[in-house]
Structures are given as structure tokens and as C-alpha cells.
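Trainee: I would like to go through this model step by step, starting with the overall fold and ending with single residues.

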Amino acid sequence: MSRWVVNALFACAISILILSGTILNRNLRVLQAHESLVDQTRLVIQRLGETIASLYEAESQYRGYLLTKDPTFIVSFRESQNAVNQGVASLRELVDDNPSQVRRHEILSANVKSTMARLDAALDAMRVGAHT
């Protein structure tokens with residue numbers, strides 16, 4: 001084989017290696033970006049689960065007060081209420097970069113506020129009624 005053919009084959013092999021490396025590098029960056037999105041999605045799901053659990057806990061504390069009139073349930077209700085509010089705020093920060101999720105968050109936030117206000121008003125009415 002002539003020296004020119006060997007050099008041409010060597011140049012082709014180097015070109016293929018460089019092209020493969022470039023494609024691999026690009027694919028790795030895309031994979032890392034997708035992995036980051038998956039991590040954020042998992043965090044949103046986890047935070048949503050925690051917020052729902054806090055909301056259920058607040059409702060349970062509300063029912064506990066209804067049944068027993070024990071004021072410790074009100075203290076626990078307030079703690080759960082704070083956890084719900086913090087969870088909703090945290091979710092907003094997590095979805096702030098996605099307009100469709102921000103719209104869903106606004107709906108969720110309005111529903112949570114409505115539920116918490118209803119429970120709060122009922123507790124206040126019961127406490128006032130219990131003291132009169």
C-alpha cells in the first residue's frame with residue numbers, strides 16, 4: 001500500500017473517532033439534562049405527596065376536635081396547616097419554570113386555600129359556640 005493510502009485511511013479513522021467523540025459528548029449532555037428534569041419531577045411528586053399528607057393530617061385534627069372538643073387538636077391542626085402552606089409554597093418554587101404546571105399549581109393552591117379556610121372557619125365557629 002502506498003504511503004498516501006495509509007495516510008488517507010489514518011485521516012479517515014481519526015475523523016471517525018472525532019465525530020464519534022463529538023456525538024457521544026452531545027448525547028451525554030442531553031442525557032444529563034433529561035436526568036435533571038427527571039430528578040425535578042421526582043422532587044415535585046415527593047413534595048406534592050408530603051403536602052397532601054399534611055392536608056389529610058389537618059383534616060384528621062379537625063375531625064378529632066369535632067369529636068372530642070380537645071384543644072390540643074387545634075394546636076395540631078395549626079401545625080398541619082402551616083405544613084400545608086409551606087408545601088404549597090415549595091411546590092410553586094419547584095414548578096416556576098413550567099407555565100402549564102404553574103397554572104395547575106394556581107388551581108391546587110386555590111383549592112387548598114378554600115379547604116383550609118372552610119376548616120378554619122368551622123373550627124372558629126365551634127370554639128366560639130363552645131365558649132358561649
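The questions below deal with the fold, the helix packing and the salt bridges of a predicted model.

Trainee: How many helices and strands does the secondary structure of the protein chain come to, and in what order do the elements run?

Mentor: The model is predicted. Its secondary structure has zero strands. From the N terminus on, the elements read α-α-α, and the count comes to three helices and zero strands.

Trainee: What is the radius of gyration of the protein chain, and is the chain compact or spread out?

Mentor: For 132 residues the globule rule gives 14 Å, and the value for this chain is well over that, so the chain is more spread out than a compact globule. Along its principal axes the C-alpha trace spans about 110 × 25 × 15 Å. The radius of gyration is 29 Å.

Trainee: What percentage of the residues in the protein chain is buried?

Mentor: Buried means a relative accessible area under 20%. Out of the 132 residues in the chain, the share that counts as buried is 21%.

Trainee: At what angle do helix 1 and helix 2 pack, and are they roughly parallel or antiparallel?

Mentor: Two packed helices are described by the angle between their axes and the distance between the axes. Here the axes of helix 1 and helix 2 (residues 72-95) lie 8 Å apart, at an angle of about 160°. Angles over 145 degrees count as roughly antiparallel, so helix 1 is related to helix 2 as roughly antiparallel.

Trainee: What is the handedness of the crossing of helix 1 and helix 2, and how do the residues of the contact divide?

Mentor: Helix 1 passes helix 2 in a left-handed crossing. The residues of this contact divide into 16 nonpolar, 11 polar and two charged.

Trainee: How many salt bridges does the structure hold, and which residues are linked in a network?

Mentor: Side chains of opposite charge can pair when their charged atoms come close. The structure holds six salt bridges. The residues linked in a network of salt bridges are Arg 78, Asp 120 and Asp 124.

Trainee: Where do Arg 42 and Asp 39 lie, and is Arg 42 buried or exposed?

Mentor: Both residues lie in helix 1 (residues 3-68), three residues apart, about one turn of the helix. Their side chains meet in a salt bridge at 4.0 Å, N to O. Asp 39 is partly exposed, at 42% relative accessible area. Arg 42 has 56% relative accessibility, and because the cut-off is over 50%, Arg 42 counts as exposed.

Trainee: Which residue does Arg 47 meet in a salt bridge?

Mentor: Arg 47 is partly exposed at 22% relative accessibility. Its partner is also in helix 1, three residues apart from Arg 47, about one turn of the helix. That partner counts as partly exposed at 39%. The side chains meet at 3.4 Å, N to O, and the residue is Glu 50.

Trainee: How far apart are the closest N and O atoms of Arg 92 and Asp 96?

Mentor: Arg 92 is partly exposed, with a relative accessible area of 31%. Arg 92 forms a salt bridge with Asp 96, and the closest N and O atoms are separated by 3.2 Å.

Trainee: What separation do the C-alpha atoms of Asn 85 and Ala 13 have?

Mentor: Asn 85 is placed in helix 2 and is partly exposed at 40% relative accessibility. Along the chain, Asn 85 and Ala 13 are 72 residues apart. Their C-alpha atoms are separated by 61 Å.

Methods. Residues are numbered from 1 along each chain as its sequence is written. This is a predicted model: local features need pLDDT of at least 70, side-chain atom pairs count only at pLDDT 80 or more; totals for chains, interfaces and linings use all residues. Side-chain values use heavy atoms; hydrogens and water are left out. Helices (H or I, at least four residues) and strands (E, at least two) are DSSP runs, numbered from the N terminus. Buried means under 20% relative accessible area, exposed over 50%, partly exposed in between (1.4 Å probe, protein chains only). Axes are lines fitted to C-alpha atoms, for helices over the stretch in contact, and angles run from 0 to 180 degrees between N-to-C directions. Angles under 35 degrees count as roughly parallel, over 145 as roughly antiparallel, 65 to 115 as roughly perpendicular and the rest as oblique. A crossing is left-handed if the near helix is turned anticlockwise from the far one by less than a right angle, and right-handed if clockwise. Ala, Val, Leu, Ile, Met, Phe, Trp, Tyr, Cys and Pro count as nonpolar, Asp, Glu, Lys and Arg as charged, and the others, Gly among them, as polar. The radius of gyration is taken over C-alpha atoms; the globule rule is 2.2 Å times the number of residues to the power 0.38.
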